[in-house]
Amino acid sequence: VGVPWVVSAKSLTDCHIGQLLFEEKTGKLFAGAHANGGMWVSDDGKGKNWRSINNGLSRHHIYALASRRIDDNVTIFAGTSPAGLYRSNNLGETWEEVSSIFEVPDTEKWTFPPPPHIPHVKQIVFHPSDPSTIYVLIEQGAFLKSVDDGKTWTDLTSYSHPEDESYRDMHRLVIQPDAPNNFYIATGVGMYRSGDGGQTFKRLTRRGERLGYPDFVFLHPKNFRTLFVGGSELNPGKWYETGMAKSCVMRSSDAGNNWEELKNGMPDPMEGAIEAMTQHYWEGGMNLFAGTATGEVYLSEDEGFSWNCIASEIKPISKDDHHIPFISEEKRKEEMDRRNRAATNN
């Protein structure tokens, strides 16, 4: 406990990896890269050797990966920027676009705040007892649901309100395994809970509160009323203005009605945004990991009540260019000028 991790090997060093997916049945490790880096697979499952698998992918900027098993059949799904959904029935050797996601209202409104305002698929989730029911989150623009394995879609919009600061800014969905009508969604304007499969929602947190910009959400593996959420007080626009995200991890023991900050061992304030977070659990316990845009990785082995920094001064862990607000003021100003010029030209 508390001993820093060390780098044992490096691979895909020319890529900015946005998602990793380990497929348990085959032992393959998949990696999707930002900036048109495309899809990769490590057939040994250990990341020692990689090969490119982009046959059929017309968009190579990968944001989301998910796998599903029905009987002995494995399907890999990939979400991209510009927003696109692809599926592979042969472990990524070939891909087919699921273009039906564009057959819903308001696709022309899909956007993303930083110029050039290109939306992306943020997450792909499967119903816990009916894997042909699929949910796809578009940042920003849509909360899509298909009950027929992606043939048709509906947009669940009841969480969205005209007074929200961001238009349908979807981040993460968690579905309660034993009660699949219970949803928790993290959005750019706060946390929401639904008890009727997304038909109606209750807003749990708001912009301006300590958990004003949640990005990750997990359920306790044994107590589904306990949630863990990672995010920040400030939204990315404020990161660029201040160079500070004020990130945090918070826990609720009552289905999101009340929250406590889990900051023992975390910096206060936390400068960099929490840009990656994952949960690992087994019969005897649970670990939480959080990675930041300033290059730290934190581990909790006691359900978030204390944290240890297990890696520091590594490359920024960042979605796209979310590390830029936390670099030097001079470099940040150069980037903001570039963004403003791009916005003016568009």
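In this predicted model, strand β19 (residues 247-252) supplies the largest share of the lining of the largest cavity, namely three residues. The space inside this largest cavity amounts to about 60 Å³. Its lining is made up of Arg 210, Ser 247, Cys 248, Val 249, Glu 261, Leu 262, Lys 263, Met 266, Pro 267, Asp 268, Pro 269 and Met 270. Sorted by class, seven of these lining residues are nonpolar, one is polar and four are charged. A view centred on Val 249 is a handy place to start, since Val 249 belongs to the lining.

The structure holds three cavities of 30 Å³ or more, and the second largest of them has a volume of about 40 Å³. Tyr 213, Asp 215, Gly 231, Ser 232, Trp 239, Ser 247, Ala 273, Ile 274 and Glu 275 line this second largest cavity. Ser 247 thus appears in the linings of both the largest and the second largest cavity. At least two lining residues of the second largest cavity come from each of β17 (213-219), β18 (227-232) and β21 (274-282). Here the lining divides into four nonpolar, three polar and two charged residues.

Strand β21, met above as a contributor to a cavity lining, also takes part in an open sheet of four strands, arranged in the order β21-β22-β23-β24 with antiparallel pairing. Because β21 and β24 (308-311) stand at the edges with a single partner strand each, one side of each is left without a neighbour in the sheet. On average, neighbouring strands of this sheet are turned by 25 degrees against each other, direction ignored. At the β24 edge, three bridges link β24 to strand β23 (residues 297-300) in the antiparallel sense. One residue pair to look for is Leu 299 with its bridge partner in β24, Asn 308.

Attention now turns to strand β15 (residues 190-194). Four of its five residues are buried, so β15 is largely enclosed by the rest of the structure. Strand β14 (residues 183-187) pairs with β15 in the antiparallel sense over five bridges, and a hairpin of two residues joins β14 to β15. Within this pairing, Gly 190 of β15 stands opposite Thr 187. Strand β15 is also joined by two bridges to strand β16 (residues 202-203), again running antiparallel. The bridge partner of Arg 193 in β16 is Lys 202.

Notes: Residues numbered from 1 in each chain as written. Predicted model: local features only at pLDDT ≥ 70, side-chain atom pairs only at ≥ 80, totals over all residues. Heavy atoms only, no water. 1 Å grid on protein atoms, 1.4 Å probe; cavity = no way out; pocket = protein on both sides within 12 Å on 5 of 7 lines; lining within 4 Å. Points joined across faces, edges and corners; volume = space filled by probe spheres on them. Nonpolar A, V, L, I, M, F, W, Y, C, P; charged D, E, K, R; others polar. Pairing = 2+ DSSP bridges. Axes fitted to C-alpha atoms, helices over the stretch in contact; angles between N-to-C directions. Buried < 20%, exposed > 50% of the residue type's maximum accessible area, 1.4 Å probe, protein only.
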